[in-house]
Amino acid sequence: MAAIHATTENFEKIASTNEIVVVDFWATWCGPCRSFGPIFEKVSEKYPEIPFVKVDIDKSNEIAAAAQIQAVPTVMVIKRGEVIYRQAGALLASDLEDLVEQAKSYEPADSES
């Protein structure tokens, strides 16, 4: 699945109705964001079952504010509606893939699964 460009209208639904969601908070004026974009897109194609969501902080500043984004790019991973990872900075493709694999096997300490 190619990356989804989220809006204020669809972000909450995507985040709350999927097991895992990987989010890239970015901006058009951000050089590192432009470099990371193709990496994010390429890795998204390896995981068609997981939504990879791009949030332009200038067009969807309500989402960015709610997520307390301080710098771009910032990668966030949401599992079952809970943020389990958030870090500013671009990642290598191998690091992003590793992050997705960790998220797939992650279970919270108080999980009753």
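**Note on the sheet and its helix packing**

1. Ile20 stands opposite Lys79 in S4, which is a convenient place to enter the structure. The model is predicted, so that local features need pLDDT of at least 70 and side-chain atom pairs count only at pLDDT 80 or more, whereas totals for chains, interfaces and linings use all residues. Residues are numbered from 1 along each chain as its sequence is written, and side-chain values use heavy atoms, with hydrogens and water left out. Helices (H or I, at least four residues) and strands (E, at least two) are DSSP runs, numbered from the N terminus.

2. The strands are best read as one arrangement: 5 of them form an open sheet, ordered S1-S3-S2-S4-S5, with mixed pairing. Strand S1 (4-5) and strand S5 (82-88) are the edge strands, each of them pairing on one side only. Two strands are taken to pair if DSSP finds at least two bridges between them. As general background, strands of a sheet pair through backbone hydrogen bonds, and do so either parallel or antiparallel.

3. Strand S2 (residues 20-26) is mostly covered, since 7 of its 7 residues are buried (buried is under 20% relative accessible area, exposed over 50% and partly exposed in between, with a 1.4 Å probe and protein chains only). Ile20, Val22, Asp24 and Trp26 point one way from S2, while Val21, Val23 and Phe25 point the other way, and all of these residues are buried.

4. On one side, S2 runs antiparallel to strand S4 (residues 74-79), to which it is joined by 6 bridges. Within this pairing, Met76 of S4 is the bridge partner of Val23, and Phe25 stands opposite Thr74 in S4. S2 also pairs with strand S3 (residues 52-56), in this case in the parallel sense and over 5 bridges. Here Val22 stands opposite Phe52 in S3, and Asp24 stands opposite Lys54 in S3. The chain crosses from S2 to S3 through helix H2 (residues 31-46), and this β-α-β crossover is right-handed, that is, the path from the first strand over the helix to the second runs clockwise with the strands pointing away from the viewer.

5. S4 has 6 of its 6 residues buried and is therefore largely enclosed by the rest of the structure. Both faces of S4 are covered, with Thr74, Met76 and Ile78 buried on one side and Val75, Val77 and Lys79 buried on the other. S4 pairs with S5 in the antiparallel sense, over 6 bridges, and Val75 stands opposite Gln87 in S5. These two strands form a hairpin with 2 residues between them, and in the turn Arg80 has a positive phi of about 50°.

6. S3 is likewise mostly covered, 5 of its 5 residues being buried. On one side of S3 the buried residues are Phe52, Lys54 and Asp56, and on the other they are Val53 and Val55. S1 runs parallel to S3 and is joined to it by 2 bridges, and the bridge partner of His5 in S3 is Lys54. Lys54, as noted above, also faces Asp24 of S2.

7. H2 lies across S2, S3 and S4, and runs at about 155° to S3 (axes are lines fitted to C-alpha atoms, for helices over the stretch in contact, with angles from 0 to 180 degrees between N-to-C directions). The axes of H2 and helix H4 (residues 93-105) come within 10 Å of each other and cross at roughly 45°. That angle makes H2 oblique to H4, because under 35 degrees counts as roughly parallel, over 145 as roughly antiparallel, 65 to 115 as roughly perpendicular and the rest as oblique. Where these helices meet, H2 contributes Phe36, Ile39, Phe40, Val43 and Lys46, and H4 contributes Ala93, Leu96 and Glu97.

8. A last point concerns Ser60, which lies in the loop between S3 and helix H3 (61-66). Ser60 is buried, its relative accessible area being 4%. Not counting residues up to four places away in sequence, Ser60 touches Ala6, Thr7, Thr8 and Val55, where contact means heavy atoms within 4.5 Å. The C-alpha atoms of Ser60 and Glu9 are separated by 9.4 Å, although these residues are 51 residues apart along the chain.
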